[in-house]
Amino acid sequence: MKALACTYAIALHAVLATAAQIPPPPKPDCPLFHTFNPATERAAWKPMELSPPVSVVAVGDARVLEMHCPFDTAKIERASWDLAVPLDMAACQGIRFSVYSPDPAPISSCTAYLKSGGGWYALGFSVPSEGGWHTITLDKDAARIEDKPAGWGRIDTLRLSAWRGKDAPATLYLANLGLLGADAPIVLVRAESAAKTSPSEVKGIEMFCQAMAKTLESLGLPYCTISDLDLTAQRLQNKSLLILPHNPGMPDDVADHIAAFLKRGGKLICFYSLPSKLRDVVGIGGGRHVKPSSPDQFAAIGASGDVLRGAPPIVKQRSWNISEALPVEGKSRAAAEWLDAQGRSTGQAAVVVSDNCIRMTHVMLEDDATNKRALLLAMIGHFLPNAWRDSVEHRLAQIGRFGPYKTFDEAKTQTLSLAAGDQRVRDAVEQVSRLRDDAAQLSSQGKHTEALAAADKACRIMLQAYVAAQKPLAGEHRAFWCHSAFGVDGMTWDQAIKTLADNGFTAILPNMLWGGVAYYDSKVLPVAPEIQSKGDQIAQCLAACKKHGIQCHVWKVNYNARHHSPKAFVDEMTRQGRTQVRFDGKPEQWLCPSHPENQKLEIDSMVEVATKYDVDGIHFDYIRYPGNHTCFCDGCRERFEKAIGEKVDGWPNAVRRDTKYQERWNDFRRQQITAVVAGVAQAVRKAKPNVKISAAVFNNWPTHRDTVAQDWKLWCEKGYLDFVCPMDYTRDSRHFDKMVGLQVQWAGKVPCYPGIGLSVWRDGDICRLIEQIDITRKHKTGGFTVFNYGATEANEILPLCGMGITRKP
């Protein structure tokens with residue numbers, strides 16, 4: 001008993017010592033759904049694999065959860081804990097909590113999983129490196145759907161996972177687990193029923209819902225997201241406005257609930273398709289599904305009169321089809337029409353307004369973001385007039401609040417200091433001060449449309465002053481990945497490449513081939529059918545690059561045959577036993593890396609590009625396994641057993657769990673991937689020695705050489721690569737800094753051009769892009785690579801870069 005008391009006293013002393021070092025957490029700002037009870041918490045949170053139990057620590061008056069990540073001693077991909085907690089999240093925006101870590105560097109990223117029925121909602125986040133507690137907000141509309149969840153109203157488990165970043169211990173502290181946005185008047189209806197009825201629509205639904213949420217946040221308007229699986233009359237009580245961002249195949253019961261909501265006085269904003277059951281209720285007719293007769297037919301939205309107060313006169317949007325909306329006499333009228341690229345009317349309504357509904361005949365795309373934001377506010381303000389006032393107040397508060405700055409005065413002072421006497425910047429900052437005063441005065445007079453215009457202009461000019469104050473660095477390799485083989489939507493290859501060149505970039509990495517398809521005249525891979533009408537995309541891109549002095553490094557997605565490869569090709573590969581098999585025995589639509597014919601296919605396809613075209617380089621991507629859950633096909637077993645000279649009993653469990661086989665299995669997998677990299681390097685350098693070989697790689701070499709068999713440090717040491725691009729897609733610039741510092745060491749003498757995840761960040765923040773470019777300069781990398789080159793990047797981000805951070809001499 002005495003020994004037990006002594007042990008308890010020592011343990012208590014350790015906890016108290018730890019608690020003394022933890023700063024007090026902030027007060028909660030939303031209703032909590034779980035509090036930490038010292039008597040029951042350890043049993044409530046179930047650790048996974050080798051994760052240790054949680055503890056509750058007293059910090060002043062607060063109780064916080066302590067979660068240890070033993071990445072120094074336990075060979076696990078992640079530390080995870082499950083909390084059984086019944087949650088009805090149907091009518092809220094998401095979850096919010098506070099997190100603190102004394103040193104989060106060993107954690108690459110975190111994921112919050114919410115289990116519902118037979119599926120999960122996954123929401124990623126990072127733990128900021130800055131000291132102190134940080135508030136994390138995870139919006140439902142940003143969730144990745146895994147399997148088939150039963151809806152947000154049926155959450156039964158919260159899983160928190162911290163993913164391994166490096167072989168060192170880390171500790172997380174958690175406080176204030178709460179639900180956000182339950183009292184918001186605006187509801188974003190997310191079409192999750194499509195996961196069962198229209199799986200091919202799921203990605204589009206997620207994308208357009210997330211884009212709408214992003215716009216609402218930028219307007220400062222509170223909202224919540226409700227899945228159509230959870231939409232009921234009760235959950236629509238006290239709501240004022242529903243928004244349908246893209247809701248194909250709406251279930252009848254959902255349409256009935258919306259109809260009842262409208263009859264009670266509710267309002268609706270609908271994009272693209274309007275269910276036939278709602279047409280009479282809103283007084284807007286339906287029509288045909290119309291595809292443009294030419295690519296430029298639906299190029300912009302032009303306002304008609306003053307039906308929507310505050311709507312921009314012209315909003316750019318290149319739509320690939322529309323679903324007709326027909327005004328009903330006496331009930332609705334057109335508020336905007338579709339214009340072609342020359343500004344001519346097409347005779348097709350773009351926006352139709354009735355007493356209780358506004359319908360746009362296509363989804364709202366993210367191009368022309370400023371005018372899209374204004375158009376959406378005009379729609380919302382038509383039904384909720386106070387939205388104008390709220391948005392103006394939000395926008396005024398945002399002037400100068402960007403990047404490292406919290407207030408206008410701080411942004412003004414620091415920007416003038418950065419500019420070092422540049423009169424253009426000084427004049428711009430003075431103009432912002434005047435506009436800011438004007439906007440505040442107009443708002444006080446109730447002139448919200450004019451006030452918002454002035455505040456928007458002030459925000460834009462202040463940001464431009466900041467980016468113009470940045471300094472370029474001569475001689476950098478400045479590249480963009482471009483995931484579309486057809487370039488930037490709305491631009492020819494010539495226009496897209498010229499935009500890069502005009503704004504100081506030096507290279508593009510266009511994605512021209514996958515595991516089973518090519519977007520050029522290939523003799524090795526199946527050729528995409530679009531090439532017959534659109535032509536050889538490598539040839540077109542390369543011609544523009546030669547014209548404008550931009551390097552072209554053609555990018556291949558290796559092994560992956562999921563999204564673009566012809567079904568006949570995939571079926572034949574499967575029949576021949578050349579596709580992967582998961583640990584659980586399910587098929588994986590990737591080519592098996594250990595199959596000799598697949599290795600030959602990968603090598604031959606990349607060598608073909610290097611020898612057929614006058615490219616500057618060829619670029620590996622997905623040069624790895626999908627994860628440690630593959631590949632366990634019969635061929636892998638046979639080839640592994642041959643490699644080690646013995647039969648493996650208990651396949652496949654033995655190679656993952658038996659120490660006799662674990663490291664040999666990892667070595668075998670690494671050898672298959674490395675064989676392709678080495679084979680390409682040998683063949684290309686013999687045939688075209690001036691062609692550079694590069695790779696997009698996972699960011700944490702020590703971990704990923706085991707999990708996905710990507711031994712890129714070895715590839716650098718062996719000289720297989722001429723440069724390497726670790727994909728450092730984090731919003732946290734301090735974490736980015738630490739990763740780049742390690743990666744430069746792993747790359748050794750090979751140039752390391754870190755990948756910056758501009759398009760992965762939800763906000764596409766130019767200030768964060770500048771900050772991370774500066775970090776690459778701090779580490780003397782000699783360059784960087786940005787993901788991804790699309791319409792927003794070409795039209796909005798690149799011109800800002802060209803004003804300062806990548807400005808041409």
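## Strands β31 and β32 in the barrel

Strand β31 covers residues 755-756, and strand β32 covers residues 783-787. The two run parallel and are joined by two bridges. Across from G755 stands T785 of β32. This is a predicted model.

Both strands belong to a closed barrel of eight strands. Its order is β23-β24-β25-β28-β29-β30-β31-β32. The pairing in this barrel is parallel.

## F787 in strand β32

Strand β32 also holds F787. Is F787 buried or exposed? Its relative accessibility is 17%, so F787 counts as buried; the cut-off for buried is under 20%.

Which residues touch F787, once its neighbours within four places in sequence are left aside? The contacts are W481, H483, W555, Y729, I756, G757, L758, S759 and V760. I756 is one of these contacts, and residues 755-756 make up β31. P47 gives a view across the chain: F787 and P47 are 740 residues apart in sequence. In space, their C-alpha atoms are 35 Å apart.

## The open sheet

A second set of strands forms an open sheet. It has nine strands, in the order β13-β12-β14-β15-β22-β21-β20-β17-β18. The pairing is mixed. Strands β13 and β18 (314-316) are the edges, and each pairs on one side only. On average, neighbouring strands are turned by 25° against each other, with direction ignored.

The sheet includes an antiparallel pair. Strand β17 (residues 300-303) and strand β20 (residues 332-339) share four bridges in the antiparallel sense. There, G302 has E337 of β20 as its bridge partner.

## Strands β12, β13 and β14

Strand β12 spans residues 186-190. How many of its five residues are buried? Five of the five are. I186, L188 and R190 lie on one side of β12, while V187 and V189 lie on the other. Both faces are covered.

β12 has parallel partners. With strand β13 (residues 223-227), β12 pairs over five bridges. With strand β14 (residues 241-244), β12 pairs over three bridges. I186 stands opposite Y223 in β13. L188 has a residue opposite it in each partner: T225 in β13 and I243 in β14.

Strand β13 is an edge strand, yet five of its five residues are buried. Y223, T225 and S227 are on one side of β13, and C224 and I226 are on the other. Both faces of β13 are covered.

## Helices across the sheet

Helix α4 lies across β12, β13, β14 and β15 (267-271). α4 runs at about 165° to β12. How far should the 18 residues of α4 (residues 202-219) span? At 1.5 Å a residue, the expected span is 26 Å, and the end C-alpha atoms are 26 Å apart, so the two agree.

The buried residues of α4 include I205, F208, M212, L216 and L219. E206 and T215 are also among them. Just after the helix, G220 takes a positive phi of about 75°.

Helix α7 (residues 369-383) also lies across strands of this sheet: β12, β14, β15, β18, β21 (345-354) and β22 (357-360). α7 runs at about 150° to β15.

## Two helix pairs

Helix α10 (residues 423-444) packs on helix α11 (residues 448-468) at an angle of about 160°. Their axes are 8 Å apart. The two helices are therefore roughly antiparallel, as angles over 145 degrees count as such. α10 passes α11 in a left-handed crossing. Residues meeting here include V425, V432, L435 and L442 in α10. Those in α11 include A451, A458, I461 and M462.

Helix α12 (residues 493-502) and helix α14 (residues 537-548) pack at about 40°, with axes 9 Å apart. These helices are therefore oblique to each other. α12 passes α14 in a right-handed crossing. On the α12 side, the contact is made by W493, D494, I497, K498 and A501. On the α14 side, Q537, Q540, C541, A544, C545, K547 and H548 take part.

How values were computed:
Residues numbered from 1 in each chain as written. Predicted model: local features only at pLDDT ≥ 70, side-chain atom pairs only at ≥ 80, totals over all residues. Heavy atoms only, no water. Pairing = 2+ DSSP bridges. Expected span 1.5 Å × (residues − 1). Buried < 20%, exposed > 50% of the residue type's maximum accessible area, 1.4 Å probe, protein only. Contact = heavy atoms within 4.5 Å. Axes fitted to C-alpha atoms, helices over the stretch in contact; angles between N-to-C directions. Parallel < 35°, antiparallel > 145°, perpendicular 65-115°, else oblique. Left-handed = near helix turned anticlockwise from the far one by under 90°.
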